[in-house]
2 protein chains.
Amino acid sequence: MSVSPLAPASFPELPAVGGVELATLAAGLRYEKRADLMLAFLAEGTTVAGTFTKSLCPSAPVDWCRRILANGTARAVACNAGNANAFTGKHGDTATELTATTLATALGVEANEIFLASTGVIGETLPTEALASALPVLAGNRVPTSAATWQEAADAIRTTDTFAKGASASADVAGTAVNVVGIAKGSGMIAPDMATMLGFLFTDAAVTAEALQSMLSDGVEHSFNRITVDSDTSTSDTVLLFATGAAETPLISGPNDPGYAELAAAVSAVNLDLSHQIVRDGEGATKFVEVRVTGAETDQAAKIIALAIGNSPLVKTALAAEDANWGRIVMAVGKAGQRADRDALAIWIGDEQVAADGIQLDGYSEDRATEHLKEDHVILTTDVGIGSGAATIWTCDLTHGYIDINAGYRS
Amino acid sequence: MSVSPLAPASFPELPAVGGVELATLAAGLRYEKRADLMLAFLAEGTTVAGTFTKSLCPSAPVDWCRRILANGTARAVACNAGNANAFTGKHGDTATELTATTLATALGVEANEIFLASTGVIGETLPTEALASALPVLAGNRVPTSAATWQEAADAIRTTDTFAKGASASADVAGTAVNVVGIAKGSGMIAPDMATMLGFLFTDAAVTAEALQSMLSDGVEHSFNRITVDSDTSTSDTVLLFATGAAETPLISGPNDPGYAELAAAVSAVNLDLSHQIVRDGEGATKFVEVRVTGAETDQAAKIIALAIGNSPLVKTALAAEDANWGRIVMAVGKAGQRADRDALAIWIGDEQVAADGIQLDGYSEDRATEHLKEDHVILTTDVGIGSGAATIWTCDLTHGYIDINAGYRS
């Protein structure tokens, strides 16, 4: 599998985060000759926030995380790549319990402080015996965070991803510098509300679980919940944010506390960066596409219209062909089911205005629109002429590469 | 463009329908060397029923038909292929008016009794001068209905269709034999509620407009509104049903009248046949896929789940690969947003049961499932374990052919 043409030039140089240790292991659960288990061990007192798939058939690890999230504390997060442990009935629950208790013993913590994520094929049972012998080895491999270990961790959680995904931001919390570092995986089955995408974010700030959840939920709504590759939603989507407190900042317990806004901005920046990297690794993607909708009845209506455009196979194939077939945008606006004034519609491809007042603009240059479509980063803007609701979502084009990957792939 | 591998062996031998005359013309509006205008001239007293796209950006002809449908009577229907006359602002209305008034003069009827449909590229204006000179020629070409003229009419309304679509059924209305004949076009931008698909049905029974509308609406809900090729909904979808009364049956004015049930069944049969032909001509399709959902909370919930399965790019690419990757069905059930009991889910591929009680069945034979997937007509059945709601929808697989057609095509 060659690396996506939209990939960043290199994996970023991620800073250390106090209170986090990382480990990886090539356990051979599905893949050969690569790490497929990842563990982050967290300092005592670490708080946690999470958001999960809206699928009504969630995976066993999602069920597990939802159950223990209420405690608000975490001592570890572990992830296996290659098998989603989804739709595996009672066996799925047995596998999550075994993983958590085995790791708890090895790490000397409680099982219900260990968060779990699995990604890969749905419907196949996890090989529990192999897991049981691999997990203590994994636990013993842990080392401090560093640029190198973050990259190893990001590599270990990949499935069809063509590149490892990481991002960081820093913030000033009441005079103390803190870091937010995140790693993520995902390239297909990507749609709001989250798709087979996993994101693990870590900060050394001290934050209550409640304040952390508020930051994460805001950030996810404007990042992971605004990307789509193929409109398919996974059973396993999980984004977790951990705060170790190792930087010894004053405790942030609500939006009015010093540093809340700064840290929330850093969390949002990491979420946005990681979510864009997932789109840039969209299966078969050759274009990173930003869909902006303005003039809708509400922001939510604008988001629905933007997703209708971004999920339309006809829009996405036209983008792949660099074809300024803007009639397909009109079609997608029409099918979105949200109020739009056909005779006030305005459309731009890049900064070339295509249509105004529901008809092609005099002087519209298809050549200029096509020039923009040849770029890597395409911007489509539509004003639907009703109100002041606005939203932006990100997607990619639909190419032969998507078919190649998915009409053969079994994780 | 080669003919779809799922096409019927030949165009059916359609019977004559009294009170209908057909005409076609190669007007050169977009295509060369083929008819691109179709006219059906209808006897005095013909009643009409219609269903249209739910797009909020409908084409000018859809607006026109909706406006005149309230009269309940029709003297003609005309269709041009290659240009949808959609998103063409005031010019679109001017073009529909010109078409109707020009034909009205040529045929000696009222403009508001002439139904119009356009299919093809969105956003380009219709060449009104060329139309104005072509329409009187078209009107002069009309001939009685016959197997040959039905086929010519079905050919003239094609755009990306790889084969002409026609179907017929007969019914006994209070002792008198009547026919229902339909022609249709459509192969992409197909999704409920109707996609660029046009259907024109004709019967020689005598039926009030109200009774006719009731028959058509029922028929469309269980046929055209249950097919999907790419989840995209066109601006132009139109199905019209005309009853000329030429067979001199007693007038059918409601569901309790003699012959209503028989004629409604014939109308439904023609709708179903035409809608399946559209799926069989789905862009790039190599499989005709029937998705059955049972055990849902309501029939409507079952339909939503079935469409989530049928529209999933991941399910559709797995079908193209003949890969029994049933985890993707679970994923689609989960994202449908309707109640489903994950731990009671049962799945069949053909008659091979894959899963029961939310887990892969002991003794499931992937080989047998794969054998079924190699067939042209694939049946996927899912019981979601909640209630007794059931629905069936029809779709096709997602292949390189779809990308080829849509990442290059401008009608």
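How many residues does the contact take from chain B and from chain A? The model you have open is predicted. Colour it by chain and start at the contact, which takes 47 residues from chain B and 48 residues from chain A.

**Stop 1: the chain B side of the contact**

Select the side of chain B that touches chain A. Five elements of chain B each supply at least two residues here: α2 (89-107), α8 (313-320), α9 (327-335), β15 (359-360) and α11 (400-406). Highlight α9(B) among them; this helix gives the most to that side, with six residues. Now colour the chain B side by residue class. You will find 19 nonpolar, 20 polar and eight charged residues.

**Stop 2: the axis**

Show both chains whole. A turn of 180 degrees, with a shift of 0.0 Å along the axis, lays chain B on chain A with an RMSD of 0.0 Å. This is therefore the relation of a two-fold axis. To find the axis from chain B, select B:His400, whose C-alpha lies 2.9 Å from the rotation axis, the closest approach of any residue of chain B. The two copies use the same surface, and 100% of the contact residues of chain B recur in chain A.

**Stop 3: a five-stranded sheet in chain B**

Hide chain A and select the strands β5, β4, β2, β1 and β6 of chain B. They form an open sheet in the order β5-β4-β2-β1-β6, with mixed pairing. Which strands are at the edges? They are β5 (114-121) and β6 (143-144) of chain B, each of which pairs on one side only.

Go to the β6(B) edge. Strand β1 (residues 20-25) of chain B runs antiparallel to β6(B), and two bridges join them. To see a bridge pair, select B:Leu22 and its partner in β6(B), B:Val143.

Next add α2(B), which packs on the sheet and touches β2 (37-42), β4 (76-83) and β5 of chain B. Its direction makes about 135 degrees with that of β5(B). You have met this helix before, since α2 (89-107) is also one of the elements on the side of chain B that touches chain A.

**Stop 4: strand β17 of chain B**

Select residues 389-396 of chain B, which make up strand β17. Is this strand largely enclosed or open? Six of its eight residues are buried, so β17(B) is largely enclosed by the rest of the structure.

Now look at its pairing partners. Strand β12 (residues 288-296) of chain B pairs with β17(B) in the antiparallel sense over seven bridges. Along this pairing, B:Val289 stands opposite B:Thr395. Strand β10 (residues 227-228) of chain B runs parallel to β17(B), joined by two bridges. Here the pair to select is B:Ile227 with B:Trp394.

**Stop 5: the two domains of chain A**

Bring chain A back and hide chain B. Colour residues 20-280 as domain 1 and 288-406 as domain 2, following the domain assignment of chain A. Their C-alpha centres lie 33 Å apart. The contact between them takes 11 residues from domain 1 of chain A and 11 residues from domain 2 of chain A.

Finish on the domain 1 side of that contact. Both β10 (227-228) and α6 (260-280) of chain A supply at least two residues each to this side. The largest share, three residues, comes from α6(A). By class, the domain 1 side has four nonpolar, five polar and two charged residues.

Definitions and conventions: Residues are numbered from 1 along each chain as its sequence is written. Chains are lettered from A and ligands numbered from 1 in the order in which they are written. This is a predicted model: local features need pLDDT of at least 70, side-chain atom pairs count only at pLDDT 80 or more; totals for chains, interfaces and linings use all residues. A residue is buried if 20 or more other C-beta atoms lie within 10 Å of its own, exposed if 12 or fewer, and partly exposed in between; C-beta atoms are placed from the backbone. Helices (H or I, at least four residues) and strands (E, at least two) are DSSP runs, numbered from the N terminus. Two strands pair if DSSP finds at least two bridges between them. Domain bounds come from an automatic or database domain assignment. Two residues are in contact if their C-beta atoms, placed from the backbone, lie within 7 Å. Ala, Val, Leu, Ile, Met, Phe, Trp, Tyr, Cys and Pro count as nonpolar, Asp, Glu, Lys and Arg as charged, and the others, Gly among them, as polar. Copies are superposed by least squares on the C-alpha atoms of residues with pLDDT of at least 70 in both. Axes are lines fitted to C-alpha atoms, for helices over the stretch in contact, and angles run from 0 to 180 degrees between N-to-C directions.
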